[in-house]
Amino acid sequence: MRNTNQMVIRSRKRESGSAATAGLLALLQVIMVCVTVYVFAANLYSAPDAITSVGRAVDEQYKLTLYVTATVFILSQLGLAYAVYRFRDHGQKAHFSRGNNTMEFVWTTATIVLFLGLGILGRRAWAEVRFTPPAADAIHVEVTENQFVFNFRYPGPDGIFGKLDPKQISASTGNPLGIDSHDPAGKDDIVVPTLTVPVNHQVELMIGSQDVIHNFFVRELRLQQDAVPGLIVPIHFTPEKIGQYEIVCTQLCGLGHSRMHSYLNVVSDADYDAFLKSGGQ
Amino acid sequence: MSSHAHGGHSAHGAMAAPQGFIRKYIFSVDHKVIGIQYFLLALTAVLIGIVLSVLMRFHLVWPNVHLPFVSGGQMTQEQYLALVTMHGTIMVFFVLTTAPQGGFGNYFLPIQIGAPDMAFPRLNMLSFWVTFLAFVAILAAFFVPGGAPISGWTGYTPLSGLGEITGPGEGWGQTMWITSISLFCLASLLGALNFIATTIDMRAPGMGLFRMPLTVWGWFVTAILGLLAFGVLLAGGILLLLDRSAGTSFFLPAGLVVNDQIQNHAGGSPLLWQHLFWFFGHPEVYIAILPGMGVASHVLSTFARKPVFGYRAMAMAICAIGFLGFMVWGHHMFVSGMSPYSGFAFSVLTMSIGVPSAIKTFNWLGTLWGGKIQFKTPMLFAIGFVSLFVSGGLSGLFLAQPAVDNLLHATYYVVAHFHLVMGVAAIFGIFAATYFWFPKMFGRMMNEPLGKLHFWFTFVGAYCIFMPMHWVGIAGGIRRYADASAVAYLQKLQPIHQFITIAAFITAAAQIFFLINFFYSLKSGPKASKNPWDATTLEWITDSPPPHDNFAGNYPSVYRGPYEFSVPGVKEDYILQSLKPQEVDRVKE
């Protein structure tokens, strides 16, 4: 801003920008910035480590975004604190200025580059899960959700999913998916309430719903997908760490929404074979 | 048009003040009375909305404590979800849409452009009373058989489309919800038409577009958004009502099986509802916040005693936000099963809306820079607005990226983001407007110490509630969960939830300072002069409160831009827009 001291007029008003108010407001801003930056920098709250390479790519993109936003956050919030204190009314004259086109140009260009660049970089992690098709040897599991349970179906030894017949759906008699009793391919299908997959194999889930919209979310996979009735949405991932992870529904699906819960068991090859042989026991 | 015809001439015939209580205060066609009616409706709604949110917060951390207003004392899961739904609906529609636009827009848009009233006063009255009906309808949802709906303010189908078979509240309650929303859309459409016509046709002589106060820009662009957005939700609401009651299947696909029962629907798409809803829903975010941005600019300039930094850039940024706001709705649907390619396109468009938002932020800082800042209560709330808008806006850059959204979608991170940026920031805009214009609306000043107390509690409280919510979200805390007991990792987040609940309770209680101040000042505040803040725009040249025709027949002409503060060579540190150039008191060289 140009120095326009000589052009400035004196206000007839008595000063009304008390230093105490300005100081308190600036102090609160500074405290807010410090606490926020500390919590994020010290990583006090975070999701557990990702168990897929895609999950780690998501984390990288998250961190990059954190650096960019933190820079803007710190500069603008501390700038606000400074301006509030420094330019409180203590009898000075206001500097007359209608703006500055150069500055407008600079910060517009800078934010375009920064924000759009970030968005375009973010494509990588998204593309790996959603654009690329699964490997030919991926293990296929059908995920069918309804109020308020998950069901996972494996094709069994024949490798073929049996046909479904909605008329035969009956959770109470042990056929929650309505596997057609007349289709031989369905006889050996395994239907279980938890998802078991072998470590270091690609898994493709085909996610659907029988009634309302649900969701499939595992924090460690960094993966969420709605289960939409009428659609089968495929997603794939390759878990790299043996363990048990919680599966939750994140889409409001009715009364029992918060009780809708299951587990992802990532197991060794041997354990996976045993799981299949036993028919899901 | 008519305002020009009135300008300077006798306006008594056309603008005779109505007689009788009902014509004057109930079925009034005076935009000022209607503005106050909207404001009082929003005030009622916000108190209900706050009570609902405090009940929710209590239930989240002390589920076994007996609660008032809850039948049975202890809240059930469906009651919690009903509160989630009703809190969101009441706050978004009846507070954040109603107060800034219907309330302050109605009252001050005609005065700030030098008009005697809205272009269509009877239409204006109709939009208020239809909004009132909508409000009665949404409150009635609490009392119908089955209670209030549990499908959230987004009302996703099929949960909302099949009737009570999908859950309690999904019968009558959901029907009342759809009826209320549809009525609200209708009323807002009428209001939007009126605002647009008024801004285009009724500006005083000399009030060019780039001499309009930024508040008027905010209301004008908001009205355009409303005109384009509410019609879409209205259509969606009618189709959803038909699905529920006439057996159609716009949003319901074949093969739905609920509770082992096959539903007799085929051919619809649940995603169609989401597209229609969010085609309205995202512009709605800007409908809530653009008037607040206008108020923030207006108030910052007034109390920094400086012109708005980059006025034209600010006006253009409002337009850019409005324009881009219509092309980003898909970012609510990244994980919905929508095409991932669309997801990427929506992502880049969403990131680009950060650009005009950043322009606004930098210009607000530029307005303060080098100023002579007076810390009146409206100024504090306007500064708070900027702070909260920045904090809440930046988290949007995470959610705008579908890859990162895979982790954060439907967590408390989202709740924190939109509450800061469109909830609390917008409410700070409303508070700034209230403290700023109260003297004009009611002819009395509000109490400064009480106002400041209100600000400190609310500012600190807002951060204590919503900043920790980001941390809950990053750790995977899921929103809309009535209880955390089923998921092991959620229980570890309970201590933060307790902190948030305590902060929420204190912040909610502190709003009593505002209510006391408001009603006490209404009766006993010191009398306000015409222009208590030494401000520049046209509302400050008329009486406080203004007469029925706003300017008592002396309609102003406009000679300069809206923010002429501390102009070099001028004696006063402000110049009214209506002051003739030869009347400006200049300093002798």
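Q: Over which residues of chain B does pLDDT stay under 50?

A: That stretch is residues 1-13 of chain B, where pLDDT is the predictor's confidence in each residue, from 0 to 100. For residues 1-13 the model has 22 contacts beyond four places in sequence; two residues are in contact if their C-beta atoms, placed from the backbone, lie within 7 Å. Where pLDDT is low, the predicted coordinates should not be read in detail. This is a predicted model, in which local features need pLDDT of at least 70 and side-chain atom pairs count only at pLDDT 80 or more, while totals for chains, interfaces and linings use all residues. Residues are numbered from 1 along each chain as its sequence is written, with chains lettered from A and ligands numbered from 1 in the order in which they are written.

Q: What confidence does the predictor give chain B and the complex?

A: Chain B has a mean pLDDT of 94, and 97% of its residues reach 70 or more. For the complex, ipTM is 0.93 and pTM is 0.94.

Q: How do you know that the span of helix α9 of chain B agrees with its number of residues?

A: Helices (H or I, at least four residues) and strands (E, at least two) are DSSP runs, numbered from the N terminus. The expected span is 1.5 Å times one less than the number of residues. For the 14 residues of α9(B), 311-324, that should give 20 Å, and the end C-alpha atoms are 20 Å apart, so the two agree.

Q: What covers the buried residues of α9(B)?

A: The cover includes α3 (101-121) of chain A, along with α7 (214-245), α8 (270-304) and α10 (340-368) of chain B. Among the buried residues of α9(B) are Y311(B), M314(B) and I318(B).

Q: Why is A410(B) called buried or exposed?

A: A residue is buried if 20 or more other C-beta atoms lie within 10 Å of its own, exposed if 12 or fewer, and partly exposed in between, with C-beta atoms placed from the backbone. A410(B) has 23 within 10 Å, so A410(B) is buried. A410(B) sits in the loop between α13 (402-408) and α14 of chain B, and its phi is near 60°, a positive value in a residue other than glycine.

Q: And why is N259(B) called buried or exposed?

A: N259(B) has 11 C-beta neighbours inside 10 Å, so N259(B) counts as exposed. The loop between β1 (257-258) and β2 (261-262) of chain B holds N259(B), whose phi is near 55°, again positive in a residue other than glycine. Most residues other than glycine have a negative phi, and most peptide bonds are trans.

Q: What is the peptide bond between Q147(A) and F148(A), cis or trans?

A: Cis, with omega about -5°. F148(A) lies in the loop between β1 (139-146) and β2 (149-154) of chain A.

Q: How do you know where the largest nonpolar core lies?

A: A nonpolar core is a set of buried Ala, Val, Leu, Ile, Met, Phe, Trp, Tyr and Cys residues joined through C-beta atoms within 7 Å. This one has 269 residues, and those touching the most other members are V84(A), A296(B), F385(B), A425(B) and A432(B). Domain 1 (5-129) and domain 2 (134-277) of chain A both give residues to this core, so it lies between them; the domain bounds come from an automatic or database domain assignment.
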